[in-house]
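Please consider the structure shown below together with its sequence. The paragraphs that follow lead through selected parts of it in turn.

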Amino acid sequence: MSLLLGSHLPLSAPSYFLGTARLAKAYGESAAMFYTGAPQNTLRVPLSKMMIEEGSALMDEGGIPPSSRLVHAPYIVNLANRSDPDKLKRMETFLLEEMDRAFSFGSSLLVLHPGSHLGAGEEEGTRNLLLSLEETLRKESPVVIALETMAGKGGELASTLEGMKKIIEGFSRPERLAVCLDTCHLFDAGYDVSDLPGLKGEIERTIGLHRVKAIHLNDSKNPRGSHKDRHANIGQGYIGFDALCAWAHDPDFASVPKILETPYFEGKAPYKKEIEMLRNSSYDPDFLKKL
Ligand code: FE
Ligand code: FE
Ligand code: ZN
């Protein structure tokens, strides 16, 4: 089976999902992730305008089946803080709508940042998040929420595997939750991403490898444990190409879509080259200059 590799893609006017699918094809992707609108707000264009059928058909044809399509919830959704009840209610409602929207694009996996406790402490933040998840996931849906491991800046929850474990174990319906591992976030949180067998062992002991349903494959601009969360291009950061390549080819993660969220270089998307290098296990240190 070929590697499930893709990138974070735009979903924007005028061709929306058809445009997303065309980019995925141009970059040689076999997986894809997108926001259903701007990540910093909750305004959404009606689905009827998004060219979903056309985009879906092109993705099916190009080898990106629904199981390899991921939606990322906007990062402003913070369910770990309950200081503004009205806002929280709006966010919970939005998340419910977002699950429906994700499914309209064929996706049954919605990646969500577990949120930030904003100084109230991890325990209270976790309690808050769980209250919201119980409320939101009461409604039946084919969509599973994949909670993302975080770098630990500004009171972020799930910046340790133990923290993630507490969230999952504290939830009444853990089958509705999955985990999205972000290599940059894990590394910035202090984990040795280059020791994949060791880290997989730790994942198995805490959250369980079976819960990993998505991977964000990013290098990091900062050294291990920096808690910064700044993504670097593949091989251009402190994690390095060999370590990331091992993740891409790991047999335990063969069925898990791996998504690049690496930065553009001089206005150009790096994904075609990054995916090629990972597929071929061969690194070109000058690839950014050849985009
Ligand atoms: Fe994310
Ligand atoms: Fe990520
Ligand atoms: Zn990040």
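Is Phe 17 buried or exposed? In this predicted model, Phe 17 has a relative accessible area of 0% and is therefore buried, the limit for that class being under 20%. The residue belongs to helix α1, which spans residues 16-26. Its aromatic partner Phe 105 lies in the loop between α3 (85-104) and β4, so that 88 residues of sequence separation are bridged by the pair. Phe 105 likewise has a relative accessible area of 0%, and is therefore buried.

The geometry of this pair can be stated in two numbers. A pair of aromatic rings is described by the distance of the centres and the angle of the planes. For Phe 17 and Phe 105 the ring centres are 4.9 Å apart and the planes stand at 70 degrees; because planes over 60 degrees apart count as edge-to-face, the pair is assigned to that class. Phe 34 joins Phe 17 and Phe 105 in one aromatic cluster. Over the whole structure, a search finds eight aromatic pairs.

The metal ions come next. The iron ion (ligand 1) is coordinated by NE2 of His 72, NE2 of His 113 and OE of Glu 148, at 2.1 to 2.3 Å. Along the sequence, these donor residues follow the spacing H-x40-H-x34-E. A separation of 3.3 Å is found between the iron ion (ligand 1) and the iron ion (ligand 2), and Glu 148 coordinates both. Distant parts of the chain are linked here: His 113 is in the loop between β4 (109-112) and α4 (122-136), whereas Glu 148 is in strand β5 (residues 144-148), 35 residues apart. Both His 113 and Glu 148 are buried.

A zinc ion (ligand 3) lies 5.5 Å from the iron ion (ligand 1). Its coordination is provided by NE2 of His 185, OD of Asp 229 and NE2 of His 231, at 2.0 to 2.3 Å. The spacing of the zinc donors along the chain is H-x43-D-x1-H. Of these donors, Asp 229 and His 231 are both buried.

From His 231 the path leads to Thr 262. The C-alpha atoms of Thr 262 and His 231 are separated by 5.8 Å, although the residues are 31 positions apart along the chain. Thr 262 occupies the loop between β10 (258-260) and α9. With a relative accessible area of 3%, Thr 262 falls under the 20% limit and therefore counts as buried. Beyond its neighbours within four places in sequence, Thr 262 is in contact with residues including Leu 217, Asn 218, Ala 232, Tyr 271 and Glu 274.

Helix α9 (residues 271-280) also packs against helix α8 (residues 241-249), at an angle of about 75 degrees and with the axes 9 Å apart. Angles of 65 to 115 degrees count as roughly perpendicular, and α8 and α9 are therefore described in this way. On the side of α8, the contact involves Phe 241, Leu 244, Cys 245, Ala 248 and His 249, while α9 contributes Met 277, Leu 278 and Arg 279. By class, the residues of this contact comprise six nonpolar, one polar and one charged.

The segment after α9 contains Pro 285. Its relative accessibility is 54%, and Pro 285 therefore counts as exposed, for which the limit is over 50%. The C-alpha atoms of Pro 285 and Val 179 are separated by 31 Å, with their positions 106 residues apart along the chain.

Conventions
Residues numbered from 1 in each chain as written. Chains lettered and ligands numbered in written order. Predicted model: local features only at pLDDT ≥ 70, side-chain atom pairs only at ≥ 80, totals over all residues. Heavy atoms only, no water. Axes fitted to C-alpha atoms, helices over the stretch in contact; angles between N-to-C directions. Helix = DSSP H or I, 4+ residues; strand = E, 2+ residues; numbered from the N terminus. Parallel < 35°, antiparallel > 145°, perpendicular 65-115°, else oblique. Contact = heavy atoms within 4.5 Å. Nonpolar A, V, L, I, M, F, W, Y, C, P; charged D, E, K, R; others polar. Donors = N, O, S within 2.8 Å, 3.2 Å for Na, K, Ca; no water. Buried < 20%, exposed > 50% of the residue type's maximum accessible area, 1.4 Å probe, protein only. Phe/Tyr/Trp six-rings, centres within 6.5 Å; stacked < 30°, edge-to-face > 60°.
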